[in-house]
Amino acid sequence: MDLHHHRTNYNKSELSEDIIQQAPFDQFMIWFKDVQDTSIREANAMTLATATADGKPSARIVLLKEVNERGFVFYTNYASRKGKEIEENPQAQILFFWDDLERQIRIEGRLEKLPTEVSDTYFYSRPIESQFGAIISQQSSVIPSREYLEEKRKALKNTTPKRPESWGGYVLVPEYFEFWQGRPSRLHDRISYRLVDDAWKIERLSP
Ligand SMILES: Cc1cc2nc3c(=O)[nH]c(=O)nc-3n(C[C@H](O)[C@H](O)[C@H](O)COP(=O)(O)O)c2cc1C
């Protein structure tokens, strides 16, 4: 497969120091509002990159479920591969790429587990089959077959789901944001916000 000639010119928008928000959360909200007006179905799907204590990385998609004054919230299994990595190294990055808008956002910070009451509230708000799914899945462990999952579901028939302790949320508390807007001739706009002495320092990066 040769993709050397597969190329797109980016020219839909621009990002400049004159128009950006002084607070990165505000800038994120503006861009998130923009993406909700596109046909992108899962604009809240983000790549989550984690790493082991000795720096071996792994990445996967998870769904952003909330943005609050503390940070960016998602839910998963604490005993999964990512959960184990986060346990030994809480530093992580989330990444959004919105093709229709020619935009990318990366956000770095530390992951903290949400309080159990918060995970409970979200767990019990999910459709009941999703609740059973979370109970059945020992996420990231090797299983013998598809049937193994179906059998586990049957075995739980007529039971009431209870949130497993291994299932819950994290919040990524950001220390760094970077907003990327594609521009013609690969001279893209990149604006970063770095937390320095409790204030956001804004800088432009070379594309
Ligand atoms: C669109 C999409 C959304 C997903 N959302 C989540 C999610 O919110 N939480 C989650 O644990 N896994 C989610 N996954 C599955 C993960 O990508 C991944 O397979 C799983 O979490 C196991 O990852 P790990 O083995 O690195 O821990 C999603 C996958 C896709 C493609």
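## What covers helix α2

In this predicted model, the buried residues of α2 are covered by, among others, the strands β1 (45-51), β2, β4, β5 (91-98), β6 (103-113) and β7. Which residues of α2 are buried? They are Lys-82, Gly-83, Glu-85 and Ile-86. Looking down the axis of α2, you will find that these buried residues fall within an arc of 165°, so they line one face of the helix. The pattern fits a general point: an α-helix has 3.6 residues a turn, so residues three or four places apart point the same way.

## Around the ligand

Helix α2 is also a good place to start on the ligand. α2 (81-88), β2 (57-63) and β4 (72-77) each give at least two residues to the shell around the ligand. Which element has the largest share? That is β2, with five residues.

The shell has 16 residues, and those that come nearest to the ligand are Arg-60, Thr-76, Ser-80, Arg-81 and Lys-82. Lys-82, then, is both one of the nearest residues to the ligand and one of the buried residues of α2. Sorted by class, the shell holds six nonpolar residues, six polar ones and four charged ones.

## Strand β4 and its partners

β4 deserves a closer look, since you meet this strand both in the ligand shell and in the cover over α2. One face of β4 is covered and carries Phe-72, Phe-74 and Thr-76, while Val-73, Tyr-75 and Asn-77 make up the uncovered face. Thr-76, on the covered face, is also among the residues that come nearest to the ligand.

β4 pairs with β3 and with β7. Strand β3 (residues 66-67) runs antiparallel to β4 and is joined to it by two bridges; in one pairing, Val-67 has Phe-72 of β4 as its bridge partner. Four residues form the hairpin link from β3 to β4. With strand β7 (residues 167-181), β4 shares six bridges, again in an antiparallel arrangement. Here Tyr-75 stands opposite Gly-169 of β7.

## The chain as a whole

Stepping back, the chain contains five helices and nine strands. Read from the N terminus, the elements follow the order α-β-β-β-β-α-β-β-α-α-α-β-β-β. The C-alpha atoms fill a box of roughly 60 × 50 × 40 Å along the principal axes.

How many of the 207 residues count as buried? The share is 20%. Among contacts with a separation of 6 or more, 63% are between residues 24 or more positions apart.

Technical notes:
Residues are numbered from 1 along each chain as its sequence is written. This is a predicted model: local features need pLDDT of at least 70, side-chain atom pairs count only at pLDDT 80 or more; totals for chains, interfaces and linings use all residues. A residue is near a molecule or strand if its C-beta atom, placed from the backbone, lies within 6 Å of it. Ala, Val, Leu, Ile, Met, Phe, Trp, Tyr, Cys and Pro count as nonpolar, Asp, Glu, Lys and Arg as charged, and the others, Gly among them, as polar. A residue is buried if 20 or more other C-beta atoms lie within 10 Å of its own, exposed if 12 or fewer, and partly exposed in between; C-beta atoms are placed from the backbone. Two strands pair if DSSP finds at least two bridges between them. The arc is that of the directions from the helix axis to the C-beta atoms. Two residues are in contact if their C-beta atoms, placed from the backbone, lie within 7 Å.
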